[in-house]
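Let's take a walk through a protein model together. Have the sequence and the 3D view ready, and follow along one piece at a time.

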There are 2 protein chains.
Amino acid sequence: MLKHNSYFDGGVQSIGFERNGLRATVGVIAAGEYHFGTGAAERMTVTSGLLRVRLTGGDWQNYPAGTVFEIAANSGFDVQAVSGPAAYLCEFLGN
Amino acid sequence: MLKHNSYFDGGVQSIGFERNGLRATVGVIAAGEYHFGTGAAERMTVTSGLLRVRLTGGDWQNYPAGTVFEIAANSGFDVQAVSGPAAYLCEFLGN
């Protein structure tokens, strides 16, 4: 079933679901900067707003609505929602 | 800030936010059929899965991920998530 998740005192919230055996979440990131670690690899699709993202060991890059980035398993990323909240779809690529 | 909403005993859940003065939500609809009424007009973008939708007075139509439909103000729609949960972005077009 659906599961509500809240991180960083509610600054990042998501709803988890599973479809055809694959786990995914949709969520919103309030304006600010956050760090997330990954277990499984993840594919993030920005659905509204603008995210700035720095993968572990990389540089900051902009991902506006409609763009996609992936994060390796057992890694992490810093993320900033710019000029207001941004929404995303996160698909988990492994178990 | 972000606001978690739950409808139909948790079968539909969303996270509301506001960006540039426009209200929006991202959410997930569990498999099943639901009815929603509108206040402001809404633009729904399906971001994962498949929704079947019947606008008030209309016929059932399929909206797979990547497609968009709009609902008039002070109207409503029936919606089915087909073969598992579906995710959406809902943008409110008026106040």
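Here is a short tour of how the chains meet, followed by a look at some individual residues.

## Two chains, one interface

Before anything else, keep in mind that this is a predicted model. Start with where the chains touch: 27 residues of chain A are in contact with 27 residues of chain B. How much area is buried between chain A and chain B? It comes to about 2,100 Å², and carbon and sulfur atoms give 69% of that. In chain A, the residues that lose the most area to chain B are A:Leu2, A:Ile15 and A:Arg19, which together make up 28% of what that side buries. If you wonder about the habit of quoting an area, the size of an interface is often given as the accessible area lost when the parts come together.

Now for the polar side of things. Across the interface of chain A and chain B there are eight residue pairs in polar contact. Salt bridges between chain A and chain B, on the other hand, number zero.

## What the touching side is made of

Which strands of chain A each supply at least two residues to the side that touches chain B? They are β2 (12-19), β3 (22-29), β5 (42-48) and β10 (86-92). The top contributor is β2(A), with seven residues. Sorted by class, this side of chain A has 13 nonpolar, twelve polar and two charged residues.

## A half turn links the copies

Try this in your viewer: a turn of 180 degrees, with a shift of 0.0 Å along the axis, lays chain A on chain B with an RMSD of 0.0 Å. That is the relation of a two-fold axis. The copies also meet through the same surface, because 100% of the interface residues of chain A are interface residues in chain B as well.

Which residue of chain A comes closest to the rotation axis? That would be A:Val26, whose C-alpha is at 3.3 Å.

## Zooming in on A:Val26

You can find A:Val26 in strand β3 of chain A. Is A:Val26 buried or exposed? Its relative accessibility is 1%, so A:Val26 counts as buried.

Look at the neighbours next. Leaving out residues up to four places away in sequence, A:Val26 touches residues of chain A including A:Gln13, A:Ser14, A:Ile15, A:Phe17, A:Tyr88 and A:Leu89. Its contacts in chain B include B:Ile15, B:Val26, B:Gly27, B:Val28, B:Thr47 and B:Ala87. There's also a nice example of folding to spot here: A:Val26 and A:Ala87 are 61 residues apart in sequence, yet 7.4 Å apart in space, C-alpha to C-alpha.

## A stop at B:Thr45

Over in chain B, B:Thr45 sits in strand β5 (residues 42-48). With a relative accessibility of 18%, B:Thr45 counts as buried, because the cut-off is under 20%. Not counting residues up to four places away in sequence, B:Thr45 touches B:Thr67, B:Val68, B:Ala87, B:Tyr88, B:Leu89 and B:Glu91.

## Charged pairs within the chains

Side chains of opposite charge can pair when their charged atoms come close. How many salt bridges does the structure hold over all chains? There are five. One of them joins the side chains of A:Glu70 and A:Arg43, at 2.9 Å from N to O. This pair links distant parts of the chain, since A:Glu70 is in strand β8 (residues 68-71) of chain A and A:Arg43 is in strand β5 of chain A, 27 residues apart. A:Glu70 is partly exposed, with a relative accessible area of 43%, and A:Arg43 counts as partly exposed at 31% relative accessibility.

In chain B, B:Glu70 forms a salt bridge with B:Arg43, with the closest N and O atoms 3.0 Å apart. B:Arg43 also forms a salt bridge with B:Glu91, where the closest N and O atoms are 4.0 Å apart. That second pair links distant parts of the chain too: B:Arg43 is in strand β5 of chain B and B:Glu91 in strand β10 (residues 86-92) of chain B, 48 residues apart. B:Glu91 is partly exposed, with a relative accessible area of 26%. Put together, B:Arg43, B:Glu70 and B:Glu91 are linked in a network of salt bridges.

Note on methods: Residues numbered from 1 in each chain as written. Chains lettered and ligands numbered in written order. Predicted model: local features only at pLDDT ≥ 70, side-chain atom pairs only at ≥ 80, totals over all residues. Heavy atoms only, no water. Contact = heavy atoms within 4.5 Å. Buried area = accessible area lost by both parts, 1.4 Å probe. Polar contact = N/O pair within 3.5 Å; in protein donor to acceptor, adjacent residues only side chain to side chain. Helix = DSSP H or I, 4+ residues; strand = E, 2+ residues; numbered from the N terminus. Nonpolar A, V, L, I, M, F, W, Y, C, P; charged D, E, K, R; others polar. Least-squares fit on C-alpha atoms with pLDDT ≥ 70 in both. Buried < 20%, exposed > 50% of the residue type's maximum accessible area, 1.4 Å probe, protein only.
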